[in-house]
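Have the sequence and the model open side by side for this one. We'll start with a single strand and its neighbours, then step back to the domains.

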Amino acid sequence: MQTTIQLIVNNTPCEATVDTRTLLVDFLRDQLDLTGTHLGCATGNCGACTVMLDGLTVKACTILAADVAGSTVTTIEGWTQDARQSGDLHPIQAAFVKHHALQCGFCTPGMVLSVQQLLKEKPHPTEAEIRHGIAGNLCRCTGYASIVKAVQEIATTTSLSPGGRGLG
Amino acid sequence: MAYIGSAVSGILDTKLVAGKGQYTADVSLPDMGHMAVVRSPYAHARILSIDTSAARQHPGVRIVATGAEIKQWSKPIPHTLNPSAFGGKTADIYCLAIDRVHYVGTPVAAVVADTRHAATEAANLIEVEYADLPVVIDAERALEPDSPLLYPEWETNELMHVRFQGGDVERAFADADHILDDTLRLHRHTATPLEPRAALAHYDDRAERLTLWVSTQAPHPLRTTLANTLQMDENDIQVIQPQVGGAFGVKIPTYQEDPLACLLSKRTGKPVKWIEERTEHLMAGGHAREQTLKFSVACKADGTVTGLKVRIIGDVGALAAVGGWGMSYVASFVVPGPYKIPNCEVDLSIVVTNKGPWNAYRGFGKEAASFLMDRVMDRVADTVQMDRAAVRLKNFVPKDEFPYVQISGATLDSGDYVKALQDVMDKAGYHTFAEEQQRLRAQGRYIGMGVGFELTPEGGCIPDSFIGGYEGATVRVSPSGQVTVLTGVTSPGSGNETGIAQIVADALGVPLSTVRVVQGDTQACPYGLGNWSSRSLFMGGSASLYAAREVHHKVLRVAASMLEAVPEDLNCEQGRIRVKGQADREVAFNDVAEYVHKRAFDHHAFDMEPGLESTRYFRMGNIHHVPDDKGRINTYPSYPYAACVAVVEVDVETGVITLLRYVTVHDCGTVINPLLVEGQFQGAVAQGLGGLIYEQLSYDDNGQLQTGTFMDYTLPTAVEVPSVEIHHQEVPSPYTPLGTKGAGESGVSSPFGTIVSAVENALAPFGVKIHDTPLTPQRVWRMIQTAKNGNNGGAKA
């Protein structure tokens, strides 16, 4: 069965016809060519498909595309574009690069989005809070140490004043 | 040396962190079809019939194939390592099962349709009639004379029997002060990279040419095996490796789905895409580790180990073409690891059972040898009442005895094992730990410290295979001075592209930003064997260095002519070529490059071969395939190692183990990039920890996989994996131009022995002895209960 949905993806209104069985992750990847969102397990465990739905991170393999009609979805592509208004990497991404907080890069877009969610909620997390904050995103390469280090650095060096450039 | 040794960030990281990496599943072609694979729900059965009529009529279906068609259309897939070349049995493996299935997940049919939904629907309409056969899932049972046989024509389930022997073992046992026996069991688990396997095959009917985008570690060997399987000319096949989302060994070989997608593209004349589901991966993507390790050790009262007998039974699942059984062979090859035990024998049976086939996984059997030897040393220490580390220090191969030949022929290249262990003990506070332990025990907390040592032979080179000890690279300088490095090695996320760029930038004296590394395209890159066994940097990097040096030599020759100097008086840094000590006499690297390309007939370049390009191959000098006087060959050229200390806390009420600290002193020779090496080591420890405590491929008695998704096959998260404290001990390899040894695999083996030792130490008040893995809370809790009840023989879950 097909259905037509209207939603906003990466600041752009769009209308699409989808098979009702289509997962949000497949819709984003296959129909909108937003391949920065990855599919690793399809059971909601690995977090490679993490995107933002109406401002909160979700696992896009656990949601049907048909269910997000009327919503706002932001993927790594849109978030990066927003963050790069000034032309630089977002502080989270810059810290990931500096600390080589990635190897194969497959989990990275989802991990970055989970980190921004964590820092929005807790601007100065402890190490334990960082580890719990990214526990929904599996990384098979790094063993997480470099990711934790990157987040610790952002949490201690980035200004989060309301007038400044936030981490959202 | 501007870049070598510095912690340069990964050159791909900026792209990957923005989600711009293009993985195989991200590549799409117009009008491509989607492939779904029908897999056996039985662990052992004969295929009586396959009815595909409903599937063929399903809307959107382009083609349906079963074993019968596959046998007409293609040849068997060449084995990555053919057991028959090692005196073992063998079998033909086609893309789909022909008449018999040997494990749950065996591919038996395939469908290509316009959409993934349609392909899955049609696959569900295929009716396969099976006659089920008796199942054997236990390797020791499989060796019994009345066991069901997977391959009746073999008249046994023993795929291969191997024996290594050296010295006078019986004499050593006769003269021993103590003889100890034990049986260890490692459980089945797997690499399971986050990116599933994936392939996009496009047979272009007009060009009569096949292109395969595939998540692989070894594009060139894959092309060769495809040509063989598909009966095509290699020249008509191009294999392209897009960004790979982790591999850890499982993406080395040619899988059945690779030629299958190619065949179905050829038959339909349209592209075919296949993306593996996680459940398919856990069933059929390749397993590892499951081995029984029996040992008998002879030692003196002072802790000197004088003799060792080892019996290994490798439960390698069903036979596939991917060569995973080789891991059990390597386990036996590595014994006795870093120890000097001249009187030693290893007896190995590699056994097939009705479980998923083994496939390469980081560690490749070395983790089994490492676990075995760590347990041997702990047992000896406990028996002679010596410190566990002291027994290791007493038995290590001394640093002045390299190269040291073990009984298998493994020729240890270099190192200082004693210093590595002493250093890690100092850094971990080994000598003062007991006080802290006592203090916490008084509070009812059980912490423990363990030591371990892993020897990780790297760069494997097996005769008559594509597992080889050489690599090739091309270095090319464009007219604008841009440098392209084309390598035969690949990077599935391991970072060697950055390390190779550092080596080449230094060799040429140019900025790193001007160096581009191109990998994973058989049309562009020199023939090479790909990424595995930590070989990419020490072999691929060495080939790149040779090629860069050759180009550098030409650049300096032209520059010298321009500057009226001799090449020996020049140096080149950051793209500026200067006469040493004379800052005003310089020429830009880019200007020289342009001159060579545009003015080949002018005098500065006239007496030189035109072009700024070199392809060189590097071969490890210490591999020998001609047997020595004892019949031994050396198949590994590089022997990095790591001495480790772990601190754990065990909750004795629940059996939950928390790894509090993991400290290592690691030698991989010259470190090209500490950021990358440490990242690899940390990730490897996480996998070793995951394998030891959290991950298990569990089968029921009917051969049904019970842990087929990430809901029940549990990978460690950031909460479970502590940050490893990594220290480097750089003992350069005598056999590589920069002193590099293998890096990347190390770290995965030591957690088994080190953490097990720490857990035993934590639970010493109960007298728990650990023989089997995994250390799940339930199993640890039972071990504690069993020991409390007076039996310390270890618990079976």
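## A strand and its partners

Start at G472(B): its bridge partner in β25(B) is Y617(B). This is a predicted model, so treat the pairing as computed. The two strands involved are β19(B) and β25(B), the latter spanning residues 613-619, and they run antiparallel with 7 bridges joining them.

β19(B) has another partner in β20(B), residues 483-487, again in the antiparallel sense, this time over 5 bridges. Here V477(B) is matched with V483(B) as its bridge partner in β20(B). These two strands, β19(B) and β20(B), make a hairpin with 5 residues between them. Look in the turn for G481(B), which has a positive phi of about 85°.

## Buried or exposed?

So how many of the 8 residues of β19(B) are buried? The count is 6, so the strand, residues 470-477 of chain B, is largely enclosed by the rest of the structure.

## How chain B is divided

Zooming out, chain B splits into three pieces: domain 1 (13-133 + 194-247 + 251-284), domain 2 (291-461 + 630-788) and domain 3 (470-619). Between domain 1 and domain 3 of chain B, the C-alpha centres are 39 Å apart.

Those two domains do touch: 16 residues of domain 1 of chain B are in contact with 14 residues of domain 3 of chain B. On the domain 1 side, the elements giving two or more residues are α7 (219-230) and β11 (237-240) of chain B. α7(B) supplies the largest share of that side, with 4 residues. Sorted by class, the domain 1 side that touches domain 3 of chain B comes out as 8 nonpolar, 6 polar and 2 charged residues.

## Over to chain A

Chain A is assigned domain 1 (2-79) and domain 2 (88-157). Their C-alpha centres lie 22 Å apart.

What does the contact between them look like? From domain 1 of chain A, 15 residues are in contact with 11 residues of domain 2 of chain A. On the domain 1 side, β3 (50-53) and α2 (76-83) of chain A are the elements that give two or more residues. The largest share of that side is the 3 residues from β3(A). As for chemistry, the domain 1 side that touches domain 2 of chain A has 7 nonpolar and 8 polar residues, with no charged ones.

How values were computed:
Residues are numbered from 1 along each chain as its sequence is written. Chains are lettered from A and ligands numbered from 1 in the order in which they are written. This is a predicted model: local features need pLDDT of at least 70, side-chain atom pairs count only at pLDDT 80 or more; totals for chains, interfaces and linings use all residues. A residue is buried if 20 or more other C-beta atoms lie within 10 Å of its own, exposed if 12 or fewer, and partly exposed in between; C-beta atoms are placed from the backbone. Two strands pair if DSSP finds at least two bridges between them. Domain bounds come from an automatic or database domain assignment. Two residues are in contact if their C-beta atoms, placed from the backbone, lie within 7 Å. Ala, Val, Leu, Ile, Met, Phe, Trp, Tyr, Cys and Pro count as nonpolar, Asp, Glu, Lys and Arg as charged, and the others, Gly among them, as polar.
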